[in-house]
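Work through the exercises below with the structure open beside you. Try each task before reading its solution.

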Amino acid sequence: MAEELCPSCKKGKLVSVKKEENVETKEFSCGHRTFTVRIEERILVSDSVHAIVIPSPIRLLQEAINQKDWFKGLIMSITYFEHFGINKLKEHFRSKGINIDPDKIDRLSLEEIIMVLYSCEIVDQPTYTKMIEVKKKRDKLVHQKKEAPIFEIEEGEAENLIKKAIECLKNLGAT
Ligand SMILES: [Zn+2]
C-alpha cells in the first residue's frame with residue numbers, strides 16, 4: 001500500500017490517526033495535521049432500510065465547549081458552515097426557480113458560500129460577520145504547525161467563537 005503523505009507539503013509521512021465521535025485527526029511527521037469531520041451517519045432502521053442522520057451539530061459543538069476542545073470545535077464549525085450553507089443555497093435557488101447546477105454549488109469554497117449567502121440575503125450582516133470571523137480563526141489554527149507555540153487561541157476567545165458559530169448554524173437551519 002502506498003504511504004500516505006501530508007497533503008499540505010507532500011513530504012511528511014502519516015504517523016498517527018485518531019478517531020473520535022465524528023472527527024478523524026491525522027498527524028504527519030512534518031508536524032501538519034488533517035481533520036475529517038463526518039457529518040452524516042448511516043443507520044440501519046430496519047432490515048432493509050438505511051436512514052441518514054445528522055448528529056446534532058449544536059449538541060456536538062456544545063460538547064466541544066464543555067470539553068474545552070477548542071480546536072475540534074472550530075474545525076467542526078467550519079464543516080457545518082459548509083454543509084448547512086450549501087443546503088441553504090440549494091433550497092434558496094430551488095424556491096426562486098433559479099436553475100443552477102447543484103454540483104457547481106457543491107464546489108464553492110466556504111468563502112464563496114458565505115458571500116453568496118449574504119448577497120442573496122439568506123443571512124443577515126451580523127451572521128455574515130460572525131461566519132467570516134470563525135473561518136479566519138480556523139484557517140489560522142489549521143495552518144499552524146503542531147510545534148508552533150501551543151495552540152494560539154485564548155480560551156475565552158475560542159468559547160466565544162464557537163458560541164457564535166452555534167448562532168450562525170441555527171440561522172442556517174441546524175438543530
Ligand atoms: Zn506537511
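The exercises that follow use a predicted model.

**Exercise 1. The sheet**

Task: Find the order of the strands in the sheet and say which strands stand at the edges.

Solution:
- Start with the order. The open sheet has 3 strands, arranged E1-E2-E3, with antiparallel pairing.
- Now count partners. E1 and E3 (33-37) each have a single partner strand, so they stand at the edges and one side of each is left without a neighbour in the sheet.
- Add the twist. On average, neighbouring strands of this sheet are turned by 15° against each other, direction ignored.

**Exercise 2. The hairpin**

Task: Describe how E1 is joined to E2 and how the two strands pair.

Solution:
- Take the connection. A hairpin of 3 residues links E1 to E2.
- Take the pairing. E1 and E2 (residues 23-28) run antiparallel, over 5 bridges.
- Locate residues that stand opposite each other. Leucine 14 faces phenylalanine 28 in E2. Lysine 19 stands opposite glutamate 24 in E2.
- Check the cover on E1. Of the 6 residues in E1 (residues 14-19), 0 are buried, and the strand is hardly covered.

**Exercise 3. One residue in E3**

Task: Classify threonine 34 as buried, partly exposed or exposed, and list what it touches.

Solution:
- Place the residue. Threonine 34 belongs to strand E3.
- Apply the cut-offs. Buried needs 20 or more other C-beta atoms within 10 Å, and exposed means 12 or fewer. Threonine 34 has 16 C-beta neighbours inside 10 Å, so it counts as partly exposed.
- List the contacts. Leaving out residues up to four places away in sequence, threonine 34 touches Pro7 and Lys26.
- Compare sequence with space. Threonine 34 and serine 8 are 26 residues apart in sequence, and their C-alpha atoms are 8.9 Å apart.

**Exercise 4. H2 and its partners**

Task: State how H2 lies on the sheet and how H1 packs on H2.

Solution:
- Begin at the sheet. H2 (residues 70-95) lies across E2 and E3 and runs at about 55° to E3.
- Turn to H1 (residues 57-66). The axes of H1 and H2 come within 9 Å and cross at roughly 160°. That angle is over 145°, the cut-off for roughly antiparallel, so H1 is roughly antiparallel to H2.
- Give the handedness. The crossing of H1 past H2 is left-handed.
- Name the contact residues. H1 contributes Pro57, Leu60, Leu61, Ala64 and Ile65, and H2 contributes Lys72, Gly73, Met76, Ser77 and Tyr80.

**Exercise 5. The two sides of H4**

Task: Which residues of H4 are buried, and what covers them?

Solution:
- Pick out the buried residues. In H4 (residues 110-119) these are Ile113, Ile114 and Leu117.
- Test whether they share a side. They span an arc of only 95° around the axis, so they lie on the same side of H4.
- Look at the other side. There, Glu111 and Ser119 are exposed.
- Find the cover. It includes H2 and helix H5 (125-142).
- Look just past the helix. Glutamate 121, just after H4, has a positive phi of about 60°.

**Exercise 6. H5 against H6**

Task: Describe the packing of H5 and H6 by angle, distance and handedness.

Solution:
- Read the geometry. H5 and H6 (residues 155-171) pack at about 130°, with axes 9 Å apart.
- Classify the angle. H5 and H6 are therefore oblique to each other.
- Add the handedness. H5 passes H6 in a left-handed crossing.
- Name residues that meet. From H5 they include Met131 and Val134, and from H6 they include Leu161 and Cys168.

Key:
Residues are numbered from 1 along each chain as its sequence is written. This is a predicted model: local features need pLDDT of at least 70, side-chain atom pairs count only at pLDDT 80 or more; totals for chains, interfaces and linings use all residues. Helices (H or I, at least four residues) and strands (E, at least two) are DSSP runs, numbered from the N terminus. Two strands pair if DSSP finds at least two bridges between them. Axes are lines fitted to C-alpha atoms, for helices over the stretch in contact, and angles run from 0 to 180 degrees between N-to-C directions. Two residues are in contact if their C-beta atoms, placed from the backbone, lie within 7 Å. The arc is that of the directions from the helix axis to the C-beta atoms. Angles under 35 degrees count as roughly parallel, over 145 as roughly antiparallel, 65 to 115 as roughly perpendicular and the rest as oblique. A crossing is left-handed if the near helix is turned anticlockwise from the far one by less than a right angle, and right-handed if clockwise.
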